[in-house]
Amino acid sequence: MTDSKYFTTTRKGEIFELKAELNSDRKDKRKEAVKKVIASMTVGKDVSTLFPDVVNCMQADNLELKKLVYLYLMNYAKTQPDKAIMAVNTFVRDCEDPNPLIRALAVRTIGCIRVDEITAYLCDPLRKCLKDEDPYVRKTAAVCVAKLHDIDPLLVEEQGFLDMLKDLLADSNPMVVANAVAAMTEIGESAQTEAAARMLTWSGHLVNKLLTALNECTEWGQVFILDAVANYTPSEENEAQSMIERVCPRLAHANAAVVLSAVKVIMKLLELLTPGSDFVQSTVKKLSAPLVTLLSSEHEIQYVALRNINLIVQKRPEILKHELKVFFVKYNDPIYVKLEKLDILIRLTSAANIANVLAELKEYATEVDVDFVRKAVRAIGRCAIKVESAAERCVSTLLDLIQTKVNYVVQEAIVVIKDIFRKYPNKYESVIGTLCENLDTLDEPEARASMIWIIGEYAERIDNADELLESFLDGFADEQTSVQLQLLTAVVKLFLKRPTDTQELVQRVLSLATQEADNPDLRDRGYIYWRLLSTDPAAAKQVVLAEKPLISEETDLLEPSLLGELVCHIGSLASVYHRPPSAFVDGRVAAQRKGLPSRAPTLAEATGAADAGAEVVPTDNAQNAKPAVSVIPTQDSLIGDLLDIDMSGGGGGSGITQQSAAPAVPSQSNAMDLLGDGLDSLLGLGGPAPQQPPQQQPAVGGGSGVDALADIFGGLSATPSAQAGFTPQLESWLPAQRGKGMQIDGRFLRRGAQLQMELQVRNNAMQQLSGFAIQFNKNSFGLAPAQPLSLNPLAPMQTATTLLPLHTKGQVQKMEPLLNLQVAVKNNIDVFYFSCLVPIHVLFTEEGGMDKRVFLSTWKDIPADSESQTSLGSYSHSPDSVSNLLQSCNVFTIARRSVDGIEMLYQSMKLCNGILVLAELKISGGAFTLSLKSRHAEVYSGVQESYLKILKSSN
Amino acid sequence: MIGGLFIYNHKGEVLISRVYRDDIGREAVDAFRVNVIHARQQVRSPVSSIGRTSFFHVKRSNIWLCAVAKKNVSASLVFQFLYKMIEVMVSYFGKINEENIKNNFVLIYELLDELLDYGYPQNTDTGVLKTYITQQGVRAQTKEETTRITNQVTGQIAWRREGIKYRRNELFLDVIESVNLLMSPQGQVLSAHVSGRVRMKSYLSGMPECKFGINDKVVVDSRRGGGAGEASGGGGGKSGHIAIDDCQFHQCVKLSKFDTEHSISFIPPDGEFELMTYRTTKDISLPFRVIPLVRETGRSGMEVKVVVKSNFKPSLLAQKVEVRIPTPLNTSGVQVVCMKGRARYKASDNAIVWKIKRMGGMKELQLSAEIDMLSSTDKAKKWTRPPISMNFEVPFAPSGFKVRYLKVFESKLNYSDHDVIKWVRYIGKSGFYETRC
């Protein structure tokens, strides 16, 4: 058979000929013609004009021909809806054909024809096929429900197909079950109504049944089931454990997709188990071998596996810590495998295996592929920073590489040596001479900037530093901004170190930066230096030559909540891209974010630690996360010393800022930080020498922006709606003067039923702050921290933001004012006390709503004299928006009445200690009046205050 | 799930395009051609994201197979499916090339219709597909026949049809191991592993239950009354049991049974299939050792001496032994002397290829070569000294893997385990067997 001839017809008048052939009397001729049509369709020719002629061939009893015609229909029905109707009768008839293969074919095709008129005809045959006696038809019909849901979700729900689909889960045939699971998962992700969503959630009972069915399914069916099971979070530790036991055998499946889906389920369930228990350890052990085995499959699978291993190694480093050697690069590996292996190699490097790794890296640095070599060189630098004992060997390896004089190797080496200098100051400066020899070959901005930084930093040890910098200065205008900034700072450093003979140089660079450059950052920095140098050289010295914070070891770590989300997507595209699905998938599905479940505290722990929060929100990543791993500055910000203005804007969080979903809030709060900090440093610390050069702010702000982002994302995963509501501004709680340099700003938040205290701690002192702890005094509502304060040591001039979950089970003592909260914060210097006011609305619980009648009777029960009325002023809110806004703060609108243009909202709220507050909000021409009723009149002022704040916030 | 599937020739012309989902349009076909096939630089990842659409590709000879998705699909599933699809096509019409694909495009469309439904992989077993996708149209199938087919396609044992009969019940087991080695010039093993496959050809009647026994340490330990404890490394080779790091099975093997009882039991597909794959890293007997000696004599010359030692029983014979010694790119001439076999300089491969047809165990062979080089001025094109690689085939399993038994039970038909004729063969092959120099 030579069908290839169909591809060659490109003559004129061919459509006409085809038309004639399609209408030929001879069967074989018609079949030939349809083949030609399909071939033309494949190569992208428009053959839609033949629609009626092709549809005519549909009634043929030849199955092969029928399939071709159906293929044509799927492609063109949408463009010719009116003509497509002609095909409906045949479809309906085929759905009743005695041959199950034809019945299935019809139902499979009909779901792909996205024409409304036809969809309507589909329901009856589909219903029949879902109950067909033949499993082949049933499994096809199951998928057809998903197709139909994509076209018309409401129709599917109205017609009761979801119930029928759910019934198929109990089918005796494994493939029917598998397809039903796949269809349900897909529909569940885009369910339109809540009823549908509820119906499609996986219950423990159902999951149990599916796990039993696993054994009998095809490999693909197993993947569908495992992916569905991954969406279910068991409520108890025992259940999670038994699920793991039943999923584990899948790790020995030959199909990599089955293995990775099983790994996903296990990784997720492990979160629910007591860390460190024997079971966890043995499970973790079982994971490593199958993952390693994936590396001997085809290259594409290796790549997917490596990207996933990269995540797994970050989440649970213990799984693969002994498997270093399998990540050694093979000469014949494709480049994408090589690069990924290298990444993982570095993550697994430790003092124990550094010798092996270093020998490998040295080998890689002589390879051909430029990207790979660069990465290898960079990796050597990372090893030096990570394993101190090996730093010396790494440096000598780098020097050897510099001797090769291969241009890009030298440049890369210089960039990493700069990092090594920063990690181990005053240790390896003997190599500077060698570096300087290669000055001329540097043509990449990053390498040039690094080299200039080195020269400036060690100007006192380089005899001809002035000449070297001068040589760079000649081409100042042509340099990139990063190099220009670096050059400016370096020359100023040089001047401060050797003021006698470099005055001319510094004047030149300052005038270049301020007069000839058009980059505002550069100009501003130039002016600041100029002013500093001219007014107070001593202060300039303190600023420019200040001690730098050390850079940390781990690099390129994913931000914990993102990592958690990606672990929930192991095996999928998200895990390959290392980006959440929302970053590359359109539509509603993308908006749903998955997160790792957190473990509910066991009984022992709950009694052991009095403050164990019982209502830990299961999906809240922010609290689940370990003490926030400080996200490492990317290379470009590493270049900079303290004075470097970060050009990339997003600071260290470049990984995060890519997210298109980033809401507007973080940037706002970021801006607020900037302002706050700037004001403090200008006003608060005006007295002594400016310890806090204002030009630092962008970098610092960038850092805290990352934290803010993390918070927002944490919050998002809990309750997407909370973000739309009211978020108060940060208040200053502890000024730096009183805190011996520690400055605390904060606010109270309520996210997804969790009360939180957000603390922004800033270190204005000259030394590192560490050992943070927090305690509350007894207070009116029994507020107490649910967790110890998790805050990494803060380097000078650094800001960190942390979220402290609170609970209300602490000791109660009535305070004056009622909402006063006294807080003690300890650090390595001293203990500091401050007090703040808790906005009452964060204490409103989610259960504050009530029935209208209950509201009415309660309102009547409370004596009229305890009613309090205040005017709240005028706002432009509509009653609806007010109601929504308040709802986000757990103020529930029970009823609404409108009389003569006056709107009355009846609202209720319940405090965490059970106090009920009822409110009547009167809106008359924009003027808001609030009447409150409660059995505890003390809370009135707090409630009024909160109403005011909320209303003002978004006016 | 998979939104569409395209097949292109090397020029980027579409040979097959099958769209499963509405979110994939015709422009996706062009996007892949423009951004990947016609990309100026070599594409550096098998997954590419172009305009919020993800493209997964696999290349076979000069044919591109590309799956497209808009959703967050399982990447591993997509690739596994592409491999499977290739396997199915190969078994239907042989090699994947442009001609075969054009010649069989109707068949391919029919297969794609069956392999994927709305982008979800369905039954992909070749044996089963061949029972009803025949390219003959519908033969006058009786009702029983079609029911049998549909039951089988969807059934519990989707990989075997009922009613198979052989006059002679026979089975063949091939244990094929590929040894991978990376050795430093000083003879230190940097990494070594064996990946083994057990391929089975079964010609058995009925629905036979098979039990397969191997000398895996864990399996053997649990057999001996269990609780023998963790299979920690060391000494595995001496006791005749080996430590298998990991093994994976064909879908016919009952995995839960393996997990609990460490027994491998299954109902085999008819004909040839891969029963299991495994991986070992401990106590591998490396069949060959390569000792390189490279000396640069000035700017335009190099001396290479390579010694190959065989390290197995003298009674065994290795076959198809081949040593590839890479030479610099600017080589102008090579003089080679070797004790046995034929060695030639292949300029096109930049290597000296030394072929030895047969080599006994415990032997030592040597090759020496002098390489002349053009004194190149082009410093940038430096030679990276690729590793010396080896190919060979030896008649034993370097991991020490042994088949202990394979028992066949078929209760309904009247043949017993003793009546089945069984053949077992061990082959050790080279994977990436490399020594750096």
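**Aromatic rings.** I began with chain B, where ring pairs link F6(B), Y8(B), F32(B), F55(B) and W64(B) into a cluster. The model is a predicted one. I then counted aromatic pairs over all chains and got 32. One of them is Y424(A) with Y428(A), an edge-to-face pair at 6.2 Å centre to centre and 85° between the planes. Y424(A) and Y428(A) are both buried. From the chain B cluster I looked up F6(B) and Y8(B), which pair edge-to-face at 6.3 Å centre to centre, with 75° between the planes. F6(B) is buried, and Y8(B) is buried as well.

**Charges over rings.** I looked for lysines placed over aromatic rings and noted two cases. In chain A, the charged end of K338(A) sits over the ring of F372(A), 5.6 Å from the ring centre. In chain B, K130(B) lies over the face of Y92(B), 5.5 Å from the ring centre.

**Cavities.** I found 12 cavities of 30 Å³ or more in the structure. I opened the second largest, which has a volume of about 160 Å³. Its lining has 14 residues, and those nearest the centre are Y331(A), E363(A), E367(A), P387(B) and R436(B). I sorted the lining of this second largest cavity by class and got six nonpolar, two polar and six charged residues.

**A hairpin in chain A.** I followed strand β10(A), residues 892-899, into strand β11(A), residues 902-910; the two run antiparallel and are joined by seven bridges. Across the pair, R897(A) stands opposite M904(A) of β11(A). Two residues lie between the strands of this hairpin, and D900(A) takes a positive phi near 50° there.

**Backbone exceptions.** Most residues other than glycine have a negative phi, and most peptide bonds are trans. I therefore listed the departures from that rule. K405(A) is not a glycine, yet its phi is positive, about 65°. K405(A) is in the loop between α23 (391-403) and α24 (407-423) of chain A. I entered K405(A) as partly exposed because its relative accessibility is 48%. H578(A), another residue other than glycine, has a positive phi near 60°. I placed H578(A) in the loop between α33 (573-577) and α34 (588-591) of chain A. H578(A) has 13% relative accessibility, so I entered this residue as buried. For the peptide bonds, I noted that the one from E816(A) to P817(A) is cis, with omega near -10°. P817(A) belongs to the loop between β6 (799-807) and β7 (820-826) of chain A.

Terms used. Residues numbered from 1 in each chain as written. Chains lettered and ligands numbered in written order. Predicted model: local features only at pLDDT ≥ 70, side-chain atom pairs only at ≥ 80, totals over all residues. Heavy atoms only, no water. Pairing = 2+ DSSP bridges. Helix = DSSP H or I, 4+ residues; strand = E, 2+ residues; numbered from the N terminus. 1 Å grid on protein atoms, 1.4 Å probe; cavity = no way out; pocket = protein on both sides within 12 Å on 5 of 7 lines; lining within 4 Å. Points joined across faces, edges and corners; volume = space filled by probe spheres on them. Nonpolar A, V, L, I, M, F, W, Y, C, P; charged D, E, K, R; others polar. Phe/Tyr/Trp six-rings, centres within 6.5 Å; stacked < 30°, edge-to-face > 60°. Buried < 20%, exposed > 50% of the residue type's maximum accessible area, 1.4 Å probe, protein only. Lys NZ or Arg CZ within 6 Å of the ring centre and 35° of its normal.
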